[in-house]
Amino acid sequence: MRTVEERSSTSGCESKEMKELLLIRHGEADHNVLFAQNRSKEAQELRDPNLNRNGIQQANNLKLRLSNFLRRNFDLELVITSPMRRTLETYDLVLSTTRCPVIISPLPREQGDFPCDYGSNRSVLETEFPHHNFSDIEEVWWTEDETYPQVQERVEEFKRFLNERPEKNIAVVSHGVFLKALVRSTEQFRTFRRFKNCECLRATLDQEGRLNMIV
């Protein structure tokens, strides 16, 4: 599968109602490293971790790879990011210089089944990220002990939210399980793999909620 910056932005048969999406998974955080080392218990207990040094480098690299694509081929109108620390930091490093509006929404958050995927209180985030507006989220905005079927329900809600937006070209900064569930919500992509850290893939979303990956 080609990376997003290698793909053409043109598709003559796309409907005017189609949403053009850039789907971005956050950069690496320490819990990702621990999971890869089969140290799951330690990984799960890291509450809302920040990007680590490698994750910061991944985000800086993605910004460089996307710069020409965004300037020439994709008129970015809106960014929607999860309120987790690692997604907020990924947004700041990759997309904040685009100056387009950003919505911080709990809808594309990670599946809340372990502390590493539980969020931080809004008041804490307001202190750590004072340049962002958190007025649209609750003080406690995440879900604990969330099941995968509940994530799938949230995916459907998120697709409806996207289709209700007036913007056409939207970037989403999210997480591995949520993005996998989002892509797999369309029948032809039921076996789609998990996104890598700081991977960016392009997709369209039609008004019926069908996602199509641009490969």
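Q: How do you know that the span of helix 3 agrees with its 20 residues?
A: This is a predicted model, and you can check it with a little arithmetic. At 1.5 Å a residue, the 20 residues of helix 3 (residues 53-72) should span 28 Å, and the end C-alpha atoms are 30 Å apart, so the two agree.

Q: What makes Asn52 a cap for helix 3?
A: Look at the N-terminal end of the helix: a side-chain oxygen of Asn52 lies 3.1 Å from the backbone nitrogen of Asn54. The cut-off for a polar contact is 3.5 Å, so this pair makes it.

Q: Which residues of helix 3 are buried, and what covers them?
A: They are Gly55, Gln58, Ala59, Leu62, Leu66, Phe69 and Leu70. The cover includes strand 1 (19-25), helix 4 (85-94) and strand 5 (200-205). Leu66 turns up again as the centre of a kink of about 40° in helix 3.

Q: Why is Thr87 called buried?
A: Buried means under 20% relative accessible area, and Thr87 has 0%, so Thr87 counts as buried. Thr87 sits in helix 4, and among the residues it touches are His26, Val173 and His175.

Q: What makes the link between Thr87 and Met84 a polar contact?
A: A polar atom of the Thr87 side chain lies 2.8 Å from the backbone oxygen of Met84. That is within the 3.5 Å cut-off, so the pair counts.

Q: Which residues touch the most other members of the largest nonpolar core?
A: Out of 25 residues, those are Leu23, Val183, Leu211 and Met213. Helix 7 gives the largest share of this core, five residues.

How values were computed: Residues numbered from 1 in each chain as written. Predicted model: local features only at pLDDT ≥ 70, side-chain atom pairs only at ≥ 80, totals over all residues. Heavy atoms only, no water. Helix = DSSP H or I, 4+ residues; strand = E, 2+ residues; numbered from the N terminus. Expected span 1.5 Å × (residues − 1). Bend = angle between axes of the 7 residues up to and from the residue. Buried < 20%, exposed > 50% of the residue type's maximum accessible area, 1.4 Å probe, protein only. Contact = heavy atoms within 4.5 Å. Polar contact = N/O pair within 3.5 Å; in protein donor to acceptor, adjacent residues only side chain to side chain. Core = buried A, V, L, I, M, F, W, Y, C linked by side-chain atoms within 4.5 Å. Lists of a residue's contacts leave out its neighbours within four places in sequence.
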